[in-house]
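Student: I would like a close look at one part of this model, taken strand by strand. Please start with a single strand and work outward from there.

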Amino acid sequence: MKTNLFKILGSLAVASLSLVPFGAKAQEIQFYRPNDQKGVNVFETTKADTVPFKGLKVKVGGNFELTFQALGESNTAIATTKTGYTGNVNSLIPLTHAFQLPMANLAFDVQLADGVRMNLTNYLASRHHEDSWVKGGYIQFDKLPFLHSAVIDDIMKSVTIKIGQSDVDYGDQHYRRSDGGSTIYNPFMENYIMDEFSTELGAQFYYFNKTGLFAMVGITDGLLNETVVQTTKVDAVTGQQLKYDPAILVKLGYDKQINKDFRFRLTGSLYSVNNTYSCTLLSGDRTGSHYYNLMENQAIANGTTLSDAVDYNFTSGRVNPGFSNEAHAFMGNLFLKYKGLEFFGTAENITGRGAAELSKRWATQYAGDLIYRFPENTQNFWLGLRYNTLKADILGTGDVTVNRTAGSFGWFLTRNIMMKLEYVSQEYVNYPNTNILNGGKFHGICAEASIGF
């Protein structure tokens, strides 16, 4: 996918610009979530038909971020040697205060027909893949004009259909997370400790009621990297080769602007896959954490270059319980916004296992964001506080707990330019003394500048 990508994207950009009259404002796309401040606190795109269709439109958008990190770390793990490595594999990489490799995304949103929109998103540069990759693309139907049916036209006033390689709509937190260069929706530097995000091939069907109630059912192939090749892995429970079962998605919710000052949103989501060779619901991020080289191994890093060390453990600060064969996850989310004060809460439980395991393990995660945006008319400044805790049964480690507290201050200089400063503290509890995370802690300050258009 990355071959000659810049040439392809350059050609598309030139072609898209030729569709915009000289001096015209940015293209407006129907049923679309903006990449800038206007997209903050937007979840599913609404059925509000506010943009008239005037033919084919191509909107070139993107995101860019630059991070400065000043974090310290420590642990209490006992010194341990390992075959093939020189030195203590439980020692930590010495860190300094510095900038890191910027990340960038490029997105094309195309209005193909009235109520029909296509998205193609590309990772131009990221921590894990420094070169360019296609994240995915999908087509969204909010109308079906080509069927020429008044009955269907009326049904589609409440229905949205999304088909393609797109973000799995499990829970609401993925609408607020950082995704490579796209960080403008996230009031904090990083995502949750257990980061639920994947890009899978499938379809999602939404129904929106005027009362504020909505529902979604979906089905995906349950995979990040699709293949037609049969895996040789064997399921320890059945003794048979692993299957390629589909993943089932369900979301029920209520989202209502009660009055001009108060918004209430409550959702419950389910993701379930019974048997697959590589479930990536908890490992689907291909870009990487926005905390760099934390709680990572000095002895292993000594065998890499400095640039490789950045990519060595690209999920720094996160924990993945490793449910690669079977996963059943439920997430509840509550969002309240009164004027400039908002609360976003998450409660999650997931059970699953790997192919070699005979029984399922578990993980539970809770998180709460309290944000105050000011002044009231623009809300372009904010103060934020987040608490995130994860308890999980980790294979070979046992029951552990990871706690994170973060405070942030942010400023939208314009709707396209954002800066944020964060203090974070994270601790690892109940890891054995032979594990590098035993007594692990990191804390300090991070800063980020971000552009979205």
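Which residue in E9 is the bridge partner of Ile219?

Tutor: The bridge partner of Ile219 in E9 is Ile248. Bear in mind throughout that this is a predicted model.

Ile219 belongs to strand E8, which covers residues 213-220. Side chains along E8 alternate between two faces. Phe214, Met216, Gly218 and Thr220 point to one face and are buried. Leu213, Ala215, Val217 and Ile219 point to the other face and are not buried. The Ile219 side chain is therefore on the face that does not meet the buried cut-off, which is under 20% relative accessible area.

E8 has a pairing with E9 and another with E7. With E9 (residues 247-257), E8 runs antiparallel and is joined by 8 bridges. With E7 (residues 199-208), E8 is also antiparallel, and 7 bridges join the two. Within that second pairing, Met216 of E8 has Tyr206 opposite; Met216 is one of the buried residues of E8. E7 and E8 form a hairpin with 4 residues between the strands. In the turn, Gly212 has a positive phi of about 110°.

Ile248 of E9 leads on to Tyr271. Outside its neighbours within four places in sequence, Tyr271 is in contact with Ile248 and also with Ala247 and Leu249. Other contacts of Tyr271 include Glu200, Gly222, Val168, Tyr170, Cys279 and Leu281. Ala327, His328 and Ala329 are contacts of Tyr271 as well. Tyr271 also has a place in the largest nonpolar core, which has 55 residues. Tyr271 is among the members that touch the most others, along with Tyr170, Leu281, Tyr291, Ile350 and Phe442. As a general matter, nonpolar side chains in soluble globular proteins tend to be buried together.

The contacts at Ala327, His328 and Ala329 lead to strand E11, which spans residues 326-338. E11 runs antiparallel to E12 (residues 341-353), and 13 bridges join them. One bridge pairs Gly332 with Ala347 in E12. The hairpin of E11 and E12 has 2 residues between the strands, and Lys339 there takes a positive phi near 55°. E12 in turn is joined by 12 bridges to E13 (residues 361-374), again antiparallel. Across that pairing, Asn349 stands opposite Thr364 in E13.

Back at the E7 side, there is enclosed space to consider. The structure holds 4 cavities of 30 Å³ or more, and the largest has a volume of about 730 Å³. Its lining has 37 residues, with Arg33, Lys135, Tyr138, Lys162 and Asp167 closest to the centre. E7 is among the elements that give two or more residues to this lining, as are E1 (57-74), E3 (103-113), E4 (116-125), E5 (133-141) and E6 (159-167). By class, the lining of the largest cavity has 10 nonpolar, 17 polar and 10 charged residues.

The second largest cavity holds about 60 Å³ of space. Its lining includes Phe344, which falls within the residue range of E12. Gln173, Arg176, Arg177, Asn186, Glu190, Asn191, Tyr192 and Arg386 also line the second largest cavity. By class, that lining has 2 nonpolar, 3 polar and 4 charged residues.

Conventions
Residues are numbered from 1 along each chain as its sequence is written. This is a predicted model: local features need pLDDT of at least 70, side-chain atom pairs count only at pLDDT 80 or more; totals for chains, interfaces and linings use all residues. Side-chain values use heavy atoms; hydrogens and water are left out. Buried means under 20% relative accessible area, exposed over 50%, partly exposed in between (1.4 Å probe, protein chains only). Two strands pair if DSSP finds at least two bridges between them. A nonpolar core is a set of buried Ala, Val, Leu, Ile, Met, Phe, Trp, Tyr and Cys residues joined through side-chain atoms within 4.5 Å. Contact means heavy atoms within 4.5 Å. On a 1 Å grid over the protein atoms alone, a cavity is a set of points where a 1.4 Å probe fits but cannot get out, and a pocket is an open set with protein on both sides within 12 Å along at least five of seven lines; lining residues have an atom within 4 Å of a point. Grid points are joined across faces, edges and corners, and a volume is the space filled by probe spheres set on the points. Ala, Val, Leu, Ile, Met, Phe, Trp, Tyr, Cys and Pro count as nonpolar, Asp, Glu, Lys and Arg as charged, and the others, Gly among them, as polar.
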